Amino acid sequence: MAASRGEFSSRIGFIMAAAGSAVGLGNIWGFPTQTASNGGAAFVLVYLVLAFCLAYPAFMAELLIGRYGQANAVTSLQKMSRTLFHKRFAFLVGFGGVICAALILSFYGILAGWMVSYAIEPIAKVIGSDTTATWVISQSLARNVLFTAIFMFLTVFVIRRGVEDGIEKWSKRLMPLLITLLIILIGYVFTLDGATEGLNAYLNPDISRVLEPDLLISALGQAFFSLSLGTSVMVIYGSYISKKENLVTLGAQVTLIDVSIAFLAGLLIIPAMYVAQAQGVAIFAEDGSLISGSGLVFTVLPSLFETMGGMGLFVAFAFFILMSVAALTSSISMLEGPVSFVVERHNVERKKATTFIGILIFIMSTAIISNIGVMLDFVATLATEYGQPIIAMLCCVFVGWIWHRSEILKELQEGNETVENSLFWKIWPWYTKFICPTAILIVFIHSL
Ligand code: PFF
């Protein structure tokens with residue numbers, strides 16, 4: 001018997017779930033760190049352009065594949081296939097996405113576990129348990145395993161409940177919480193000395209830097225990671241959207257939310273760095289590079305929070321809870337990719353499939369933790385710099401070169417009858433066919 005499929009019960013449910021997938025550590029940790037290490041406002045400008053001009057069209061391709069196929073990534077791509085070769089190719093691309101999502105979750109769960117542990121540290125301090133406070137932010141094996149396990153448990157808990165009762169319900173609760181916390185923290189940072197200098201670095205671009213190859217490549221990579229492309233995730237979320245919905249607008253709304261939250265996160269972190277600097281914390285080396293590199297949120301921010309006295313403990317707790325919430329709405333989407341594949345292709349019951357895959361991914365995480373210095377970087381590079389760009393590119397190739405134009409139009413017309421006369425229809429098919437694959441190929445070749 002075929003497993004029954006879920007569907008998002010409302011438009012806002014889909015928006016929250018897809019934005020929940022897109023908004024995560026990539027926005028709140030990755031984007032500000034990249035901005036700070038790549039020329040501040042120049043990076044922000046390039047990122048905004050690339051997110052709308054390249055990532056959004058590729059995102060639309062993935063959503064459309066899923067909504068057309070009404071199934072997991074492999075089955076959806078196979079439904080578009082006309083020859084045996086296409087079908088095999090579809091399997092490789094879809095399954096590649098599923099594997100990529102699992103690989104990302106295996107290291108993302110560790111990073112998210114750190115966020116949870118940093119949220120617990122201030123609580124331990126408040127209750128006077130300094131030993132616990134030190135232990136939860138130590139890099140010990142036991143601490144990493146424990147917090148990854150806690151985070152994976154939460155992810156499995158949500159996904160076992162399915163689409164409407166799990167993903168949609170929790171994304172609808174967690175996303176508004178995230179946005180509210182972010183805005184409160186921004187308001188707070190701007191009451192402190194040094195924040196305006198940070199604002200200037202964030203918003204005043206040095207135009208001469210915008211065409212630097214490294215900056216372009218980082219911004220494009222960041223935009224693709226942020227929209228969760230090339231992982232089968234947006235295909236499966238697309239398959240849960242009702243045929244009555246206008247995909248073009250939904251996709252644009254999610255992109256807008258994703259980009260806005262990255263922008264807001266920058267508005268918090270970049271000024272916070274300057275506030276910390278004004279308070280004597282070393283942030284930039286003499287050559288202008290970041291002293292803490294990608295560890296920004298774990299070094300600069302806690303020392304900033306410490307200078308805030310008793311209030312700092314509360315701010316630290318709020319910030320790391322915010323990071324954990326953002327990571328959870330992303331990790332549930334990563335787990336849904338492999339789970340939907342196993343449930344639909346192998347007729348396994350959802351709860352069983354979720355627990356089994358959750359345990360498998362947790363075992364992968366522990367393997368990474370056992371040699372974290374080497375493995376974390378290796379798996380992250382493999383999945384995000386190679387896997388994601390290649391699979392996102394192949395999805396665009398599928399839509400642009402294998403799918404019939406008339407069928408694409410028919411699918412787009414569901415919920416959007418006038419799409420044929422829109423600017424979107426005039427530009428997007430051409431974009432997906434030529435520009436997206438070429439641009440992604442450039443990123444890929446660079447990362448080689
Ligand atoms: N978009 C998420 C972030 O910015 O943190 C990361 C992510 C989620 C990547 C889901 C891949 C994925 F399938």
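Seven nonpolar residues, nine polar ones and no charged ones make up the shell around the ligand; here Ala, Val, Leu, Ile, Met, Phe, Trp, Tyr, Cys and Pro count as nonpolar, Asp, Glu, Lys and Arg as charged, and the others, Gly among them, as polar. What you are looking at is a predicted model, in which local features need pLDDT of at least 70, side-chain atom pairs count only at pLDDT 80 or more, and totals for chains, interfaces and linings use all residues. Residues are numbered from 1 along each chain as its sequence is written.

Let us stay with the ligand for a moment. Which residues come nearest to the ligand? Of the 16 residues around it, they are Gly24, Gly26, Ser228, Thr231 and Val233, where a residue is near a molecule if its C-beta atom, placed from the backbone, lies within 6 Å of it. Helix 1 (11-22), helix 2 (25-37), helix 5, helix 10 and helix 14 each supply at least two residues of this shell. Helices here are DSSP runs (H or I, at least four residues), numbered from the N terminus.

Helix 10 is a good place to go next. Its 14 residues reach 20 Å from first C-alpha to last, close to the 20 Å expected at 1.5 Å a residue; the expected span is 1.5 Å times one less than the number of residues. Eleven of the 14 residues of helix 10 are buried, so the helix is largely enclosed by the rest of the structure. A residue is buried if 20 or more other C-beta atoms lie within 10 Å of its own, exposed if 12 or fewer, and partly exposed in between, with C-beta atoms placed from the backbone. Among the buried residues of helix 10 are Leu215, Gly221, Ala223 and Ser226. Ala223 also gives us a link to another part of the chain: Phe52 and Ala223 are 171 residues apart in sequence and 8.9 Å apart in space, C-alpha to C-alpha. Phe52 sits in helix 3 (residues 41-69) and, with 15 C-beta neighbours inside 10 Å, counts as partly exposed.

Now follow the chain out of helix 10. The helix is followed by Ser228, whose phi is positive, near 55°. Further along, in the loop between helix 10 (213-226) and helix 11 (233-239), you will find Ser232. Phi of Ser232 is near 75°, a positive value in a residue other than glycine. Most residues other than glycine have a negative phi. Is Ser232 buried or exposed? With 35 C-beta neighbours inside 10 Å, Ser232 counts as buried. Asn347 makes a nice companion: it is not a glycine, yet has a positive phi of about 55°. Asn347 lies in the loop between helix 14 (310-346) and helix 15 (350-370), and with 11 C-beta neighbours inside 10 Å it counts as exposed.

Helix 5 deserves a look along its axis. Its 43 residues (84-126) reach 63 Å from first C-alpha to last, close to the 63 Å expected. Along the way, helix 5 bends by about 25° at Tyr108, the bend being the angle between axes fitted to the seven residues ending there and the seven starting there. Just after helix 5, Gly128 takes a positive phi of about 80°.

Helix 8 (residues 163-189) brings us to the packing. It has 27 residues and reaches 37 Å, close to the 39 Å expected. Its buried residues, including Glu168, Trp170 and Leu178, pack against helix 1, helix 7 (141-160), helix 9 (195-203), helix 12 and helix 14. From Leu178 you can step to Ile261: their C-alpha atoms, 83 residues apart along the chain, are separated by 9.5 Å. Ile261 belongs to helix 12 (residues 247-278) and is buried, with 23 other C-beta atoms within 10 Å. Leaving aside neighbours within four places in sequence, Ile261 is in contact (C-beta atoms, placed from the backbone, within 7 Å) with Val23 and Asn27.

Finally, turn to the largest nonpolar core, meaning a set of buried Ala, Val, Leu, Ile, Met, Phe, Trp, Tyr and Cys residues joined through C-beta atoms within 7 Å. Of its 155 residues, Ala55, Leu64, Ile65, Met323 and Cys395 touch the most other members. Beyond its neighbours within four places in sequence, Met323 is in contact with Leu25, Ile28, Trp29 and Met115.

How values were computed. Two residues are in contact if their C-beta atoms, placed from the backbone, lie within 7 Å.
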